[in-house]
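Dear colleague,

Here is the structure that I promised to hand over, and my notes on it follow directly below. Please read them with the coordinates open beside you.

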Amino acid sequence: MKINKKLSLLTLLISTFSLSLSSCNKPIPDGPIKDFVVNFSISKTLQEVLKGKMEQHNYQYDGNGNEISHTYSMMEFDRSDESLPYFYKKATFEGENKPENSYEYLEVLEYFDKNNNAGFAQKIEDDKKSDYNVKEINVNDSIDTFFFTQKDYDYYRGSFYYGDLINRAIDKWYINFEVIDDLLVYELVNDITYEDVIMNQKYSVNKYGMLLDYTYDARIISTNERVVNTIKCEYDVEINRKEKLF
């Protein structure tokens with residue numbers, strides 16, 4: 001099946017940077033939103049958020065509502081004990097229009113155990129497997145990717161820490177935010193910034209600026225093709241450690 005190029009574009013648009021889709025240029029007024037975001041701090045977040053897990057689903061649908069592809073990813077980490085850091089991730093892809101750098105199947109496991117042994121395991125595409133111990137692995141570097149993947153001076157972005165991104169955008173687009181039950185919630189409804197595309201987006205973050213849930217739904221008006229992306233994150237929850245992949 002030939003996929004509309006706009007459908008691929010919709011996939012690329014799935015990101016926190018779609019904050020820029022709304023349009024307000026007034027400075028943020030004093031009040032609960034400003035009080036909420038002023039406390040975001042990457043150093044505090046890295047210090048306080050010691051366990052976390054994430055699941056993400058990305059679906060593409062044709063104009064008849066049939067699922068074309070499904071990308072799934074998950075990550076979890078635990079560094080509540082500094083001497084026993086743990087990180088695990090998994091990613092799978094099914095269907096057509098495979099995204100660049102995606103895997104049919106991938107698992108990565110990194111950890112330190114109570115005997116001070118470092119463990120690393122990786123399984124790719126089922127036909128390339130490795131499982132071995134190494135003298136030195138920096139599990140915390142992998143854990144940091146749960147929070148951010150890009151750093152520009154004091155601006156951290158690219159993963160599930162939204163604090164810096166929101167602080168850069170809040171003065172311009174605060175009308176899309178509100179504080180609900182001690183969470184900061186962003187919502188964009190039926191946006192038509194992009195020609196022939198209608199988008200809806202909603203997410204919430206906690207007091208540390210960490211994502212809790214995210215929903216993105218974009219549809220090409222002329223063809224009815226859609227992209228739907230959902231993310232669910234949890235923190236300070238039980239992490240059931242894997243000891244091996246094979």
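Within strand S13, Ile 231 is the bridge partner of Tyr 214, and Val 228 is likewise the bridge partner of Asp 217. This is a predicted model, in which local features need pLDDT of at least 70 and side-chain atom pairs count only at pLDDT 80 or more, while totals for chains, interfaces and linings use all residues. Residues are numbered from 1 along each chain as its sequence is written, and side-chain values use heavy atoms, with hydrogens and water left out.

Strand S12 (residues 211-220) is joined to S13 by seven bridges, and the two run antiparallel; here strands (E, at least two residues) and helices (H or I, at least four) are DSSP runs numbered from the N terminus, and two strands pair if DSSP finds at least two bridges between them. Five residues lie between the strands in the hairpin of S12 and S13, where Asn 224 takes a positive phi near 70 degrees. On the evidence of ten bridges, S13 (residues 226-235) also pairs in the antiparallel sense with strand S1 (residues 51-61), and in that pairing Gly 52 stands opposite Tyr 235.

S12 pairs with S11 as well, again in the antiparallel sense, over nine bridges, with Val 197 opposite Ile 220. The hairpin of S11 and S12 has five residues between the strands, and Gly 209 takes a positive phi near 80 degrees there.

Turning to helix H5 (residues 163-173), the buried residues (buried being under 20% relative accessible area, exposed over 50% and partly exposed in between, with a 1.4 Å probe and protein chains only) include Leu 165, Ile 166, Ile 170 and Trp 173. The buried residues of H5 pack against helix H2 (32-37) and against strands S8 (155-158), S9 (177-180), S10 (183-191) and S11 (197-205).

In the loop between S8 and H5 we find Ser 159, which is buried, with a relative accessible area of 13%. The side chain of Ser 159 reaches the backbone oxygen of Thr 145 at 2.6 Å, and a polar atom of that side chain lies 3.0 Å from the backbone oxygen of Phe 146. Leaving aside residues up to four places away in sequence, Ser 159 touches Thr 145, Phe 146, Phe 147, Phe 148 and Thr 149, where contact means heavy atoms within 4.5 Å.

Lastly, Tyr 111 lies in strand S4 (residues 105-112) and is buried, with a relative accessible area of 17%.

Best regards

Definitions and conventions: A polar contact is a pair of N or O atoms within 3.5 Å; within protein, one must be able to donate a hydrogen and the other to accept it, and residues adjacent in sequence count only if both atoms are side-chain atoms.
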